[in-house]
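Thank you all for coming. I would like to walk slowly through one protein with you, beginning with the whole and then turning to a few places in it.

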Amino acid sequence: MNVPLYIARHLHASVRIAMLGIAIGIAVMIVSVSVVMGFKHSIRDKVVGFGSHIVVSNYMTLQTSDDTQPINATDSVIRRMKSIEGVRHVGRYSLKQGVLKTDTDFLGVMLKGIGEDYDTDFLAQNIVEGVMPRLSGEKSTRQLLVSKQIAQKLKLKTGSKVYAYFLGEGDVKTRVFEVAGIYQTNLTKYDETFCFADLYTVSRLNGWTCSQEEKKMEVTGCELLVSDFDSIDVVEDRVIDRINKTLDSEGRTLSSLTIKEMNPQIFSWLELLDLNVWIILVLMVCVAGFTMISGLLIIIMERTSLIGLLKTLGARNSLIRSTFRWLALSVAVRGLVIGNVLGIGLCLVQQYTGVVRLDAETYYVSEVPVELNWMIILLLNAATLLLCTLALVLPSFCASMVKPAKTMRIE
């Protein structure tokens, strides 16, 4: 029979506080990491949804926002981009600033033209009314996708007609669009500005040629989606080697930027959240360790007579230390089980019900986002168990230093 394990089981009832401390600690860590990861990825995916991972455009366009110069994104150029390792999708786009006007209001917007080759999953997931416009790079559909904020300001709804005015080369171009759908991402920076139409219309508004037959697809640029966001810098290096400083068929220089380079403030802010997570993790691990140490020291003080009796009966110091190590390990494991059930349970409730709401104008999301990463949860459990085990060294040695003679005098 394992004597230290047997004795430890009978002492287990005295360390509920330590068990509770570990349970609360691991639950807080799981919830904190899941919420921060969910928040980071939600904001990141929204920014990427409007601008992809990597943009390839005219060098002059990327250097200045005042003058937009096109590139000729023919099928051969698209194939060259798709052949780059790590790139999973390439889509053309065109941009044009303009003004939307109704009978009572007007509003400046950025019109983004996209074609059939564009990845519309993000937009489709955020449509709150209507449908996606018909997209084409060969003809005009005159359909528009506007944000909920723009729709409210201009009092638009699906099926509404709206006039659009664009400055051309010495004149003003007018178009009439029909609102096909309304989207909402709660990312104010983009929702206040962006509308989506077909690629052909926007390219023609810029005065560019958009015809596959003529082998001339003049657009603002191409958006590249990578297979893994964490490898975006590696893929960017490959794009730089294969695409940057090369010329299109019209002699225009191509260049590229990542979504991080185009939105440094947002991604710097998101990186600061990692620091908050590390602070929480360190504090919670310290709490778990201190509660374990204090709980064991209390047990040692309460069970001094038992320790003295065991030593009087011939128990060695190694047996005493082993007993308290088994006790602490049992407490830690049970605390981890309870904490995991509590933490994961709370995350699942929020994930499937969205019971905790947020102000979308402030936090960019309408409910607390949660993302359970099972590998990180396993690492948190392993790290907590390891640190709690290391924290047992001092209490176990204190237990082995108890003198039988002193315990008899106390009694």
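Among contacts between residues at least 6 apart in sequence, what percentage join residues at least 24 apart? In this protein the figure is 76%. Please keep in mind throughout that what you see is a predicted model, and that every value I mention has been computed from it.

Let me first set out the overall picture. The protein has 411 residues, and 48% of them count as buried. Its chain forms 17 helices and 13 strands. The accessible surface amounts to about 20,900 Å², and carbon and sulfur atoms account for 58% of that surface.

Now let us look at helix 4, which runs over residues 75–82, and where the buried residues include Val-77, Ile-78 and Met-81. When you look down the axis of helix 4, its buried residues fall within an arc of 100°, and so they line one face of the helix. What lies over them? The cover for the buried residues of helix 4 includes strand 1 (54–58), strand 2 (71–72), strand 3 (87–101) and strand 12 (221–226).

Helix 9 can be read in a similar manner. In helix 9, Ile-232, Val-235, Glu-236 and Val-239 are buried. They cover an arc of only 105° around the axis, which means that they sit on the same side of helix 9. The partners against which the buried residues of helix 9 pack are strand 1, strand 3, strand 12, strand 13 and helix 10 (259–262).

I would like to stay for a moment with one residue of helix 9, namely Val-239. Is Val-239 buried or exposed? Val-239 is buried, because its relative accessible area is 0%, and the cut-off for buried is under 20%. If we leave aside its neighbours within four places in sequence, Val-239 is in contact with Ile-54, Val-56, Ile-84, Leu-224, Asn-244 and Ser-256. Of these, Ile-84 deserves a second look, since it lies 155 residues from Val-239 along the chain, while the C-alpha atoms of the two are separated by 7.1 Å.

Our next residue is Phe-39, which is found in helix 2. Phe-39 counts as buried because its relative accessibility is 11%. Not counting residues up to four places away in sequence, Phe-39 touches Trp-269, Leu-273, Tyr-363, Val-365 and Pro-369. From C-alpha to C-alpha, Phe-39 and Val-368 are 7.4 Å apart in space, although 329 residues separate them in sequence.

Helix 2 also brings us to a pocket, the second largest, which has a volume of about 500 Å³. The elements giving two or more residues to its lining are helix 2 (16–51), strand 3, helix 5 (121–125) and strand 12. Which of the elements gives the most to that lining? The answer is helix 2, with 6 residues. In total, 24 residues line the second largest pocket, and Asp-45, Val-48, Gly-49, Arg-88 and Phe-122 are those that lie nearest its centre. By character, the lining residues of this pocket divide into 7 nonpolar, 9 polar and 8 charged.

A further buried residue is Asp-198, whose place is in strand 9, residues 194–198. Asp-198 is buried, as its relative accessible area is 0%. With residues up to four places away in sequence not counted, Asp-198 touches a list of residues that includes Gly-113, Ile-114, Arg-134, Lys-139 and Arg-142. Asp-198 and Gln-143 are 55 residues apart in sequence, and their C-alpha atoms are 7.4 Å apart in space.

Finally, let us turn to the backbone. Most residues other than glycine have a negative phi. Lys-155, however, is not a glycine and has a positive phi of about 55°. Lys-155 is placed in the loop between helix 6 (148–154) and strand 7 (161–167), and it counts as exposed because its relative accessibility is 62%. Lys-245, likewise a residue other than glycine, has a positive phi near 70°. The loop that holds Lys-245 runs between helix 9 (232–242) and strand 13 (254–258), and Lys-245 is exposed, with a relative accessible area of 75%.

How values were computed:
Residues are numbered from 1 along each chain as its sequence is written. This is a predicted model: local features need pLDDT of at least 70, side-chain atom pairs count only at pLDDT 80 or more; totals for chains, interfaces and linings use all residues. Side-chain values use heavy atoms; hydrogens and water are left out. Buried means under 20% relative accessible area, exposed over 50%, partly exposed in between (1.4 Å probe, protein chains only). Helices (H or I, at least four residues) and strands (E, at least two) are DSSP runs, numbered from the N terminus. The arc is that of the directions from the helix axis to the C-beta atoms. Contact means heavy atoms within 4.5 Å. Accessible areas come from the Shrake-Rupley method with a 1.4 Å probe; for residues, only the protein chains shown count as cover. On a 1 Å grid over the protein atoms alone, a cavity is a set of points where a 1.4 Å probe fits but cannot get out, and a pocket is an open set with protein on both sides within 12 Å along at least five of seven lines; lining residues have an atom within 4 Å of a point. Grid points are joined across faces, edges and corners, and a volume is the space filled by probe spheres set on the points. Ala, Val, Leu, Ile, Met, Phe, Trp, Tyr, Cys and Pro count as nonpolar, Asp, Glu, Lys and Arg as charged, and the others, Gly among them, as polar.
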